[in-house]
Amino acid sequence: MSKDDITKIEVGDGAAIPSPDDKGLVSAWWVALIGTVGMLIALPVLKPDPYLTILKFVPDGIVVTFEVTILAIVFAIIIGLLTGLGRLSSNRFINMIASLYVEVVRGIPLLVQLFYIYFALGRIVRVPDIVAAVIAMAFCYGAYMGEVFRAGISSIDHGQTEASLSLGFDKKQTMAYVVLPQAWRTILPPVGNEFIALLKDTSLVSILAVADILRRGREYAAESFNYFETYTIIALIYLLITLLLSKLISAMEYRLSHYERR
Amino acid sequence: MNVVEPIIQIQNINKYFGAFHALKNVSLDIAPGDKIVVLGPSGSGKSTLLRTINKLETIDSGTIIVDGHDLTDPEEDINAIRMELGMVFQSFNLFRHLSVLDNLTLAPVKLKKMEKSQANDIALRLLDKVGLRDRAGHYPIQLSGGQQQRVAIARALAMEPKIMLFDEPTSALDPEMIGEVLDVMVTLAKEGMTMVVVTHEMGFAREVADQVVFMDQGAIVEQASPDVFFDNPQHQRSKLFLQQIL
């Protein structure tokens, strides 16, 4: 067992989270941030019509986007933890259920799942659009999160488990007191990536009549025909949010690794 | 030899890893207070034997009785039995996310429902004993290998076990750190702890062991007092082993 190399698991298509050691990415982050903020200020100042109007119209959607993202990620993490534990379970039935869920979800495009759950749910019970959207996003991302948890838990040296068992802890206590607190360290970066990916994917819920950023933009563009200008602002807003989030997550990751530093 | 009731009774156990016959009809009685040192070439099954005693390895046949509890009985609470058995690993296996102090107090607080303040007192006393009281607030990664292993011994002792199992406790250490760990083990032996030690440290075996158990190819070849084993081994394989290492 090597004590110095920390297992990194790379999952996802989210924005790259710059490590404090990675100078190239850190400077690219600054260039992107300054450019984005600069354009978000300069465009409305130089050409108030339509940019300033768009900027006043769209922010309602930011709140909705965050609502969907945060609710969906919370449920996805819960589902993911259960799925990850299920995939590692020695109980064959639980293992089968968890694996089946992951296989099914990974095999169907998110957009199709969104439509499917939205309309399937609509047949059973009448729920607000935003609830259907959250359920669909959490259901999909729970499977991806399950794989993140599974990888993170597997990455913890088996000696940790043996030491815990030999003290008299049972398997559940070992998971709760010894394995999961350490797995968090490995899991957080990919969870952060999934969070950012999920935030971007919430743009898909705009087709379910949920008034997120994109939906608000489309509403404005449909009235004013300023498609190019509207999508420019929307792209910049998404970019600004993901840039800030990636920085936040890398700071959290750094804090969580305190016991790995000499 | 002791005539008291053994605290560990291993009877005719067999263990397979797939087709590999890892333990062949092994039997061993250990009396309270005994110090048993298990020697043998790598792959001889000595670590596997040790790990069957706290059921980190299950056996395929035979019985193991620890302090009156039959490990092969599914009704027995293995977690309760493990609380009586301290284990020290080759790779230390300290909980990396916890400070030294918390490594020692986790099990007493969670399993014995001990007050944190009382657990801290006991932990600090044990850290004193292994000479690391000043490291209580450090994380394992901040300690040398020898220090980590001494903390690991203290962690096991914090549960006040009746028996201590050592699985090659010095094999992962730099030579200059072996002494500090062996010193702690010698002290423990002098205090009367029942110990089963798998090791390659012949000096320790000679000094501390009541009985040396020599294993080869999954079987116990010879069991003798250290004087007899080292000076006058009875079996050809024991002689060969001693020639190779001494």
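Start by selecting V74(A), which you will find in helix α3 of chain A, spanning residues 59-88. Keep in mind as you look around that this is a predicted model. Now colour V74(A) by accessibility: its relative value is 41%, so V74(A) counts as partly exposed, given that the partly exposed class lies between 20% and 50%.

Next, add I70(A), L71(A), F75(A), I78(A) and L82(A) to your selection. Together with V74(A), these residues make a nonpolar surface patch of about 550 Å².

Now move over to the place where the two chains meet. Select the contact residues and you should have 26 from chain B and 25 from chain A. The two chains bury about 2,400 Å² between them, and 60% of that is on carbon and sulfur atoms. To see who contributes on the chain B side, pick R96(B), H97(B) and I141(B): they supply 31% of the area chain B buries against chain A, more than any other three residues.

Then show side chains and look for the polar links. There are 5 residue pairs in polar contact between the chains, counting pairs with both residues at pLDDT 80 or more. The salt bridge count between chain B and chain A is 1. To view a salt bridge, zoom in on R51(B) and E162(A), where the closest N and O atoms are 2.6 Å apart.

Finish with a cartoon view of chain B. Elements giving two or more residues to the side that touches chain A are α2 (78-82), β6 (85-88), α3 (100-111) and α5 (145-157) of chain B. Highlight α3(B) last: this helix gives the most to that side, with 4 residues.

Notes
Residues numbered from 1 in each chain as written. Chains lettered and ligands numbered in written order. Predicted model: local features only at pLDDT ≥ 70, side-chain atom pairs only at ≥ 80, totals over all residues. Heavy atoms only, no water. Patch = residues over 30% accessible without salt bridge, like charges linked within 9 Å, V, L, I, M, F, W, Y side chains within 5 Å. Areas by Shrake-Rupley, 256 points an atom, 1.4 Å probe, with all protein chains shown as cover. Salt bridge = Lys/Arg side-chain N within 4 Å of Asp/Glu carboxyl O. Buried < 20%, exposed > 50% of the residue type's maximum accessible area, 1.4 Å probe, protein only. Contact = heavy atoms within 4.5 Å. Buried area = accessible area lost by both parts, 1.4 Å probe. Polar contact = N/O pair within 3.5 Å; in protein donor to acceptor, adjacent residues only side chain to side chain.
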